[in-house]
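I sat down with this one and a fresh page, and kept short entries as I went. Here is the model I had open.

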Amino acid sequence: MFKRPYRKIIYRKKVKILLVQIVNRNLGDQVIADSAQYLIRQALPRLGEQHYVVQHYDIQSADEEMIRSSDLIIFDGGGLVKYRQEDFHTYVPDILDCAKECGIPVYFNCVGVEGYDAQDARCLRLAQTLNYDCVKAITVRDDLETLRRDYLKTDGILTAPVLDPAIFTPQVYGIQKDAQSEVIGLGVVRHRIFEDYGIAQVTREFQLAMWQGIAAELEARGYKWKLYVNGLRSDYDFALEILQHMGRESEASTLLAPRPTESRELVSLTASFAGVIACRMHANIIAYALGIPSVGLVWNDKMVFWGERIGCPERFLTSSQFEPKRIVQSLMEAMASGVPPCPQAWKKSIQKPLRAFIRRYGAAAWKKSRPQQLKKPADWSGRLVAAALGGLQLRYANMNTPEGLEQSLAQGFRILEADIRLTSDGQLVCVNGWSKAAFEKLGCEQRSADALDHAAFMSCKMYGRYATMDAKQLFTRMDQETGDWKLILDIGKPKKEVLAEMLAQLCILCSGRRQLEEHLLIRVQSKYDVEAVQAAKLPMQVMYYAAPKQVREEKNVTLESIGKYCKKQGIQWVSMPREALDEEVAAFLKKQKLKSCLFSYNRYTDVLQAVQLGIDWIATSYLSPAELADWYESGYTIVIR
């Protein structure tokens with residue numbers, strides 16, 4: 001008689017991969033991050049993929065607890081080995097210091113190397129940390145010789161030449177070029193970039209004349225053209241200036257592509273061109289990956305390296321060659337010759353060392369974590385608040401959009417905060433005030449501090465991409481939610497007459513919704529606001545504001561007076577900015593038995609500190625309950641014996 005097999009479930013911590021990326025609105029960097037994540041997923045062992053979790057990490061965030069809790073660190077790519085611009089000479093060493101202390105293996109994927117100076121303390125600091133034992137491999141997209149000769153003093157680090165990870169763009173996004181297109185894309189960069197990199201002769205005026213000449217030359221050859229950018233506002237503003245210089249700003253809708261806000265938009269836009277003339281490196285790399293001929297206007301040697309690496313150095317022109325006819329002729333020749341296909345060997349040169357690193361050090365981390373006693377993850381959905389209904393892509397926050405709301409709910413948030421303001425025609429909409437910053441997000445010219453009317457606001461798109469929302473839509477959407485959810489309404493600091501109208505509109509919205517009382521809170525900043533809200537008998541709890549210490553002292557307000565007022569008014573909740581939190585405030589809240597909500601933190605290090613100090617809710621734009629739970633959740637293996 002056969003014995004039944006014995007099934008044993010072994011719980012292990014997941015292998016946590018911290019994917020370090022450059023976060024800004026130059027979407028070329030986001031294409032790098034998306035490509036790196038794609039490559040990591042491809043490299044994971046198929047039978048054990050459930051044991052791995054990848055966390056996107058902003059290189060500037062200095063989130064020490066997130067670094068310490070990781071098992072592997074992978075820098076996704078980009079020009080990281082440099083010391084003159086963008087402060088990477090600070091960010092990279094700080095991460096490596098922490099990795100060294102914790103014994104966390106580090107991999108640099110397809111990075112750029114931009115110069116070396118033995119007399120520069122920034123360069124020497126970067127070089128020192130690159131030689132740490134925790135650094136296992138550095139693959140380089142351009143100047144490998146400088147890395148090997150000048151930066152590295154040890155033979156224990158694997159180095160190899162590779163292409164940029166964005167060559168996987170078609171596979172990452174599932175997008176192919178439009179073979180029928182007859183439009184040439186003109187990729188514009190901010191006008192000061194050439195001067196910032198020592199090319200003084202390529203001034204703003206030079207570029208205005210150059211782009212006008214390129215457009216005229218293309219038209220003379222029968223081609224249509226369109227200006228576009230990789231996402232940066234400064235690039236887009238200069239593109240508008242180019243059209244104005246041409247006297248064709250009235251044709252902006254056809255001659256200037258909308259500013260992309262997501263990497264997929266940039267790739268789709270590039271795919272719509274028959275050819276490209278561009279200043280940004282990743283405008284050229286994305287075009288190459290899609291099989292679209294391009295000509296690069298060089299402001300940094302990294303573009304020269306790229307042209308040499310793909311076997312087309314003649315397509316990357318230096319400043320002495322910036323003459324419209326020559327530039328356009330170079331593109332015509334490139335279009336006639338086509339784009340040489342990327343050899344499969346080059347793609348494998350990116351994949352193979354990355355796969356070896358993950359398999360080797362991931363397996364070691366997985367086994368090492370087995371004997372540890374796992375703690376139950378914190379109830380992040382009961383701690384974290386989606387500020388302004390939630391940010392998007394580590395780069396867009398304070399938008400109060402339907403898309404942010406839906407993403408927050410999908411990511412496990414049960415506590416949300418929305419900013420509401422009154423329009424000029426007396427309607428409540430979700431917007432973080434009528435400030436210059438708000439008008440810029442909405443794509444409006446701020447003629448005054450006056451609010452938009454309802455129709456004008458609802459016709460706007462945040463960053464030209466994300467839909468706006470009014471309070472009625474917000475309430476209708478939240479009516480569909482079940483369970484224990486909370487919604488905090490932030491009304492700002494309205495004038496008395498505006499507050500009265502806002503409360504009247506809220507009364508209308510709450511009419512027939514008495515069940516909302518257990519779900520709604522209203523965040524106010526003055527005693528007058530508190531008493532007005534209570535007089536309106538709205539079905540929501542009041543959340544009273546506690547200012548930072550300096551402001552309290554200036555206004556002669558003490559913590560004791562805040563406590564007495566809250567007790568008198570029956571207020572249970574206090575909200576505060578992050579600058580207000582210290583041990584004295586934490587002790588006061590505990591003594592008064594007041595619940596607290598902190599605005600806002602995007603570093604796990606800060607969230608942990610706030611939790612340890614007894615803060616009940618912590619607002620955030622970029623962390624999420626689902627991601628943090630996944631980061632600390634255990635994986636499991638079923639062993640049959």
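**Entry 1: the largest pocket.** How do the residues of the lining of the largest pocket divide into nonpolar, polar and charged? Before answering, I noted that this is a predicted model. I then went through the lining and got 12 nonpolar, two polar and nine charged residues. The lining has 23 residues in total, and Arg233, Tyr236, Glu440, Gly443 and Gly464 are the ones nearest the centre of the pocket. For the space in the largest pocket I wrote down about 690 Å³.

Next I looked up which helices take part. Helix 9 (233-246), helix 11 (263-271) and helix 17 (436-442) each give at least two residues to the lining of the largest pocket. Helix 17 has the largest share, with five residues.

**Entry 2: the cavity.** How many cavities of 30 Å³ or more are there? I found one. About 60 Å³ of space lies in this largest cavity. I listed its lining as Asn284, Tyr288, Ile292, Pro293, Ser294, Ile310, Cys312, Arg315, Phe316, Val339 and Pro340. Sorted by class, the lining of the largest cavity comes to eight nonpolar, two polar and one charged residues.

**Entry 3: a helix pair.** I turned to helix 8 (residues 204-220) and helix 14 (residues 324-337), whose axes are 8 Å apart and make an angle of about 50°. Angles of 65 to 115 degrees would count as roughly perpendicular and those under 35 as roughly parallel, so I have helix 8 and helix 14 down as oblique to each other. Their crossing is right-handed.

Which residues meet there? On the helix 8 side I noted Met210, Gly213, Ile214, Glu217 and Leu218. On the helix 14 side they meet Pro324, Lys325, Ile327, Val328 and Met332. By class, this contact of helix 8 with helix 14 has seven nonpolar, one polar and two charged residues.

**Entry 4: backbone oddities.** I finished with the backbone. Most peptide bonds are trans, and most residues other than glycine have a negative phi. Two places went into my notes with that in mind.

Is the peptide bond from Phe599 to Ser600 cis or trans? I read it as cis, with omega near -20°. Ser600 sits in the loop between strand 23 (595-599) and helix 25 (604-612).

The other place is Glu86, where phi is near 70°, a positive value in a residue other than glycine. I located Glu86 in the loop that runs between strand 5 (78-81) and helix 3 (88-102).

Methods:
Residues numbered from 1 in each chain as written. Predicted model: local features only at pLDDT ≥ 70, side-chain atom pairs only at ≥ 80, totals over all residues. Heavy atoms only, no water. 1 Å grid on protein atoms, 1.4 Å probe; cavity = no way out; pocket = protein on both sides within 12 Å on 5 of 7 lines; lining within 4 Å. Points joined across faces, edges and corners; volume = space filled by probe spheres on them. Helix = DSSP H or I, 4+ residues; strand = E, 2+ residues; numbered from the N terminus. Nonpolar A, V, L, I, M, F, W, Y, C, P; charged D, E, K, R; others polar. Axes fitted to C-alpha atoms, helices over the stretch in contact; angles between N-to-C directions. Parallel < 35°, antiparallel > 145°, perpendicular 65-115°, else oblique. Left-handed = near helix turned anticlockwise from the far one by under 90°. Contact = heavy atoms within 4.5 Å.
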